[in-house]
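Me: Please give a close account of one strand and its pairing. How is the strand covered, and what joins it to its neighbours?

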Amino acid sequence: AKEYNNDDRWNDTDVGPFVSSVLRTPGGVIAKGLSVRVGDDLCAAYDLKTATLRVAWTGGFLGFNPYKFGMVRAPKIEGDVFLVCSQPGWRTAKNVHYNGFYQRGKQVVLEYLVDGVRVRETLGTGTDGVLIRTFQIAAHNSRMRLLLSDQPSYGELPRPKFSLAPTESALLQNTSDAVDLEIPPSDAEVTIQVYYGKNDDLAEVNIDELLKPGDPLWPDKLKTKGELGEPQGAYAVDTIGVPFDSPYRALMFFSGVDFFSNGDAAACTVHGDVWLISGINDKLDHVTWKRYATGLHQPLGLRIVEDKTYVLGRDQITCLHDRNGDGEADFYENFNNDGQTSTSGHDYASCLETDAEGNFYYIRAHEGVVRVSPDGKYHTTIATGFRNPIGLGVGKNGVITAAPQEGNWTPASSIIEVQNGGYYGYPGPRVSKQRPLGYDPPLCWIPRLQDSSSGGQLWVDSGGRWGPLEGHMLHFGYGQCRMMLVLREQVNGVAQGGTVRFPFQFQSGVMRGRFNPRDGQLYVCGMRGWQTSGLKDGCLQRVRYTGGELHMATKLKVLSDGLQIEFSQVLNKALATDPKRYAVSQWNYRYTADYGSLEYCVSNPEQEGHDQVDVLSAELLGDGKTVQLKLSEVRPVMQMKVEYDLEPEDTTPEPSAFDHVTAIKSLGPEDVDKGKELYAKFCASCHGQQGDLTLN
């Protein structure tokens, strides 16, 4: 068995013809990199932010570090570098915007704008394995200049000998420190081929043909079966079979899921894949998986809008297009890449949500909560101060929530109701009259035993098909593979609340959830990677409403002298009004640079521990579901725990005379004693009237 923190299976995966990642090169680190296989023994990598070919090499492709499944450390070049370009390539450009790339088989065509001029380019090889770079440049009225290499001729690596296919549309400029491609103005579109070496065998490349979709790379449709779970009260957890043993040896660490209008799903994995999933029905007996896209940069969020798939990676939001309907993406559109991708290992852009106006949202530690306009043109940070967040939620009601992780300047995990301009504590205090704590307080803190690592939030929006919790907020606990109901209230315009666990656990660290528009049920996905109690690489599971009775606290209200808790069912009055059936404790945390916080008594801030709060009385209100607790004290605290031991009222009706007759007729000849017992009950139900029954 592989050690949890040292698993190199990603190196066995068929990752496809390209991989997006941070990449370290002899010419510097690329934050938004795209590495491309050009031939059997030739590879190259672009900086997509500047549309620059930064490095090329021969030998292997990329090697993935086994630490934490390859999620923390950037891949490495597996070969011998022969080309380096350390600066942005388009020297005269004021603005370079990367549009995306087309894929045809194993061929990739990049498209970008250089000061508004459309440029397309692709890579190929000559007869002697020489790298060939083919450009298609739209008409342009200004001179353009492209840096091909700033690898000095006297440097450590020998500089390639550049050459051009015969053309009047460009010429090479050589100095001791650089090689440039000069492109004069042109009234028409031009095609230019640059050879990174000598080659007399001209390789004609038709970029227009390469823009057309080709045959699928991943034709297999993988079949699995699901397993229906046993009801646990109002809900059952069903498990959708995952093709862990695919022909591509792909890792199935699920980090996002959403649904098309027909009920089919798309799910992304943190190692860069997107899968299409069909056959999701009541029985889950014929589920089909199809690999749809590959090579994305650690995607941790996926959203389907008007049946278009948007995926959030560390580098950008990518909109995937399948232009010929073969079940594979063939245009990877850069919807927005304005976010700053750091080159450190632990920098994840997470979640992808939308609001009622169509804006997109994601979260990242150094950027905060980010809003991207519906057209992808505008990128705005609306709140900051989140430590290593992987959780975010956006409700139709406009409420935005976020969930940072316990650690430095974050005393415990929490759920935050995000306000514009809010600051939530990391990496240190910002004290002001409006912010005396040094940070804006969360909706609620979550102690480690409740949730050791937080995922995203989701509002129940099922059209009433998921039971009595419509409109409530759910919270996903990655660390302990659980889901919680969030009890939220507003007090003087400030949100506060708490969490209640559902009575089930998932197979992996769940982070995301979506309601399927076809069946109205909740589907969750999760993965391993960071610390979690999950046992499987990933999971895709359904939380199905069974029609059974829900037994949970569903509403919370803080009173001046106690608490008011509403439950989902009528309670046994004798138990609900017994103060001994409740236990209340409270404590505070310390906001410091230390990793997390111990729990401190409210009565003595220097003493570790909890304060017990006496329950003076318990009253059951007229609805039979709401308990009002009078407490010995109510004061501002960071954490309060309420435990209770209650039961619903027994509302099962007494069997009727007809029920007893039906039961008697179902008995066999050997059940004489049971028959006599039921006959006596029948007589009692008839108020003493006697009758004759024949026991068969």
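Reply:
**Strand β27 and its two partners**

Strand β26, residues 360-364, runs antiparallel to β27, and 5 bridges join the two; strands count as paired if DSSP finds at least two bridges between them. The model is predicted, so local features need pLDDT of at least 70 and side-chain atom pairs pLDDT 80 or more, while totals for chains, interfaces and linings use all residues. Residues are numbered from 1 along each chain as its sequence is written, and side-chain values use heavy atoms, without hydrogens and water.

One bridge of the β26-β27 pairing sets Phe-360 opposite Val-372 in β27. Phe-360 opens the range of β26, whereas Val-372 closes the range of β27, residues 368-372. Between β26 and β27 lie 3 residues, and the two strands form a hairpin. Strands here are DSSP runs (E, at least two residues), numbered from the N terminus.

On its other pairing, β27 is joined to strand β28, residues 379-384, by 4 bridges, again in the antiparallel sense. Within this pairing, Arg-371 of β27 has Thr-380 in β28 as its bridge partner. β27 and β28 also form a hairpin, with 6 residues between them. Gly-376 lies in that turn and has a positive phi of about 80°.

As to cover, 4 of the 5 residues of β27 are buried, and the strand is thus mostly covered; buried means under 20% relative accessible area, with a 1.4 Å probe and protein chains only. In summary, β27 takes part in a hairpin with β26 and in a hairpin with β28.

Key
Buried means under 20% relative accessible area, exposed over 50%, partly exposed in between (1.4 Å probe, protein chains only).
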